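Subject: Structure handover

Hello,

Here is the structure I promised to pass on. Please open it first, then read my notes beside it.

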Amino acid sequence: MKPCTEVCRSMMDRSLRMINAAKMLLNTGEYDIAVLLAIQAIEMCIKAKLLEKLGSIPRVKPLRRLFNELETAFKDRKNDIRDFFTKNKSMFVMIEEAYISLRYLDRLIAEEEASKIVGFAEKVIDFAKKL
């Protein structure tokens, strides 16, 4: 098994490649796939940070719950994490709704919504990288 730091680095790198791919997909009009990839990039990044801090990855999917895990793991940054989530709650709701509707319903994502989600995903990744 690979050392935790190597796995964490690999996961973070994959997260960054996913967000870059999501941005490319936006440019080709593949909005639904761009959004799904951006959401996966956020999850991968947060899970990499949790693995780095805790030595394990929680089996949690919703971003809300992953942020709760971050608060628990990074006690010294709990207020920063909570503030970030609270200030961006409407975007987290938009992401959850988009994820559910793309995964389980036959919904199309408009360019504006996809651009917002991909841009926000970059913001979340930048925030998480600094923890």
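How many aromatic pairs does the structure hold? There are 8 aromatic pairs. Keep in mind that this is a predicted model. I take two of the pairs in turn, then the whole chain, then some single residues.

**The first pair to look at**

Find F67 and F85. Their ring centres are 5.7 Å apart, and their planes meet at 45°. Planes under 30 degrees apart count as stacked and those over 60 as edge-to-face, with the rest called tilted. At 45°, therefore, the pair of F67 and F85 is tilted.

Where do F67 and F85 lie? F67 is in helix 3, which covers residues 63-73. F85 is in helix 4, which covers residues 78-87. The two are 18 residues apart in sequence, so the pair ties those parts together.

Are these two residues buried or exposed? The cut-off for buried is under 20% relative accessible area. F67 has 2% relative accessibility, so F67 counts as buried. F85 has a relative accessible area of 14%, so F85 is buried too.

**The second pair**

Now turn to F84 and F120. Their ring centres are 6.2 Å apart. Their planes are at 10°, so this pair is stacked. It links distant parts of the chain: F84 sits in helix 4 and F120 in helix 6, residues 111-129. They are 36 residues apart.

Both pass the same test for burial. F84 has a relative accessible area of 10%, so F84 is buried. F120 has 4% relative accessibility, so F120 is buried as well.

Stay with F120 for a moment. What does F120 touch, leaving aside neighbours within four places in sequence? F120 is in contact with F84, N88, M91, F92 and I95. L105 is another matter. F120 and L105 are 15 residues apart in sequence, and their C-alpha atoms are 23 Å apart in space.

Both pairs belong to a wider group. Ring pairs link F67, F84, F85, F92, F120 and F127 into a cluster.

**The whole chain**

Now zoom out. How many helices and strands does the chain have? It has 6 helices and 0 strands. Along the sequence, the pattern reads α-α-α-α-α-α.

Why can we call the chain as compact as a globular protein of its length? Its radius of gyration is 14 Å. The globule rule gives 14 Å for 131 residues, and the chain's value is close to that, so the description holds. The C-alpha atoms fill a box of roughly 40 × 30 × 25 Å along the principal axes.

Some totals to note:

- Buried residues make up 44% of the 131 residues.
- Take the contacts between residues at least 6 apart in sequence: 60% of them join residues at least 24 apart.
- The accessible surface is about 7,600 Å², and 52% of it belongs to carbon and sulfur atoms.
- The chain has 24 positive and 19 negative side chains. The centres of these two sets lie 6 Å apart.

**Three more residues**

For each contact list below, residues up to four places away in sequence are left out.

Start with S15, in helix 1. S15 has 0% relative accessibility, so S15 counts as buried. The contacts of S15 are A41, M44, C45 and I125. By contrast, S15 and R77 are 22 Å apart, C-alpha to C-alpha, and 62 residues apart in sequence.

K23 is also in helix 1, which spans residues 4-28. Buried or partly exposed? K23 is partly exposed, with a relative accessible area of 31%. K23 touches V118 and E122. K23 and V7 are 16 residues apart in sequence, with 24 Å between their C-alpha atoms.

Last comes E43, in helix 2, residues 31-54. Its charge may make you guess otherwise, but check the number. E43 has 6% relative accessibility, so E43 counts as buried. E43 touches K61, L63 and L66.

Try finding each of these residues yourself in the viewer.

Best wishes

Methods: Residues are numbered from 1 along each chain as its sequence is written. This is a predicted model: local features need pLDDT of at least 70, side-chain atom pairs count only at pLDDT 80 or more; totals for chains, interfaces and linings use all residues. Side-chain values use heavy atoms; hydrogens and water are left out. Helices (H or I, at least four residues) and strands (E, at least two) are DSSP runs, numbered from the N terminus. The radius of gyration is taken over C-alpha atoms; the globule rule is 2.2 Å times the number of residues to the power 0.38. Buried means under 20% relative accessible area, exposed over 50%, partly exposed in between (1.4 Å probe, protein chains only). Contact means heavy atoms within 4.5 Å. Accessible areas come from the Shrake-Rupley method with a 1.4 Å probe; for residues, only the protein chains shown count as cover. Lys and Arg count as positive and Asp and Glu as negative; His and the chain ends are not counted. The place of a charge is taken as NZ of Lys, CZ of Arg, CG of Asp or CD of Glu. Rings of Phe, Tyr and Trp (its six-membered ring) pair if their centres lie within 6.5 Å; planes under 30 degrees apart count as stacked, over 60 as edge-to-face and the rest as tilted.
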